[in-house]
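Colleague: Please take me through this model by question and answer.

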Amino acid sequence: MGAAILMQGTPKNKRVLFDIGVAGPLAGIIVAIPILFYGLSISKLSVIRPVRGMLLEQEGKLDLLPCCEFITFGKLLPNPASR
């Protein structure tokens with residue numbers, strides 16, 4: 001995903017330009033994290049057995065997810081079953 005920043009004039013300095021560039025991603029993560037917790041809270045824990053063509057979460061891709069799972073469920077969830 002991307003964004004376009006339309007500005008009327010040139011920023012006063014690099015600090016202002018930096019603040020404008022960082023505001024979008026920060027606003028996005030502020031919205032995304034509560035949605036992640038909501039999604040986890042309505043999830044049901046069960047064993048998922050992989051089938052042909054099914055994609056599983058890759059271990060180590062996102063460190064935020066295991067932390068959020070621990071906060072939501074109070075325990076570390078097991079890794080998905082291997083193929």
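Colleague: What share of the contacts in the chain with a separation of 6 or more comes from residues 24 or more positions apart?

Modeller: The model is predicted, so local features need pLDDT of at least 70 and side-chain atom pairs count only at pLDDT 80 or more, while totals for chains, interfaces and linings use all residues. Residues are numbered from 1 along each chain as its sequence is written, and side-chain values use heavy atoms, leaving out hydrogens and water. Contact means heavy atoms within 4.5 Å. Among contacts with a separation of 6 or more, the share from residues 24 or more positions apart is 68%.

Colleague: How is the packing of H1 and H2 classed by angle?

Modeller: Helices are DSSP runs of H or I with at least four residues, numbered from the N terminus. H1 (residues 14–41) and H2 (residues 64–73) pack at about 55°, with axes 10 Å apart. Angles under 35 degrees count as roughly parallel, over 145 as roughly antiparallel, 65 to 115 as roughly perpendicular and the rest as oblique. Therefore H1 is, relative to H2, oblique.

Colleague: Which residues in H1 meet H2?

Modeller: On the H2 side, the residues met are Leu64, Leu65, Cys68, Glu69, Ile71, Thr72 and Phe73. Their partners in H1 are Ile33, Leu36, Phe37, Leu40 and Ser41.

Colleague: Is Pro78 buried or exposed?

Modeller: Pro78 lies in the segment after H2. Buried means under 20% relative accessible area, exposed over 50%, and partly exposed in between, with a 1.4 Å probe and protein chains only. Because its relative accessibility is 73%, Pro78 counts as exposed.

Note on methods. Axes are lines fitted to C-alpha atoms, for helices over the stretch in contact, and angles run from 0 to 180 degrees between N-to-C directions. Helices (H or I, at least four residues) and strands (E, at least two) are DSSP runs, numbered from the N terminus.
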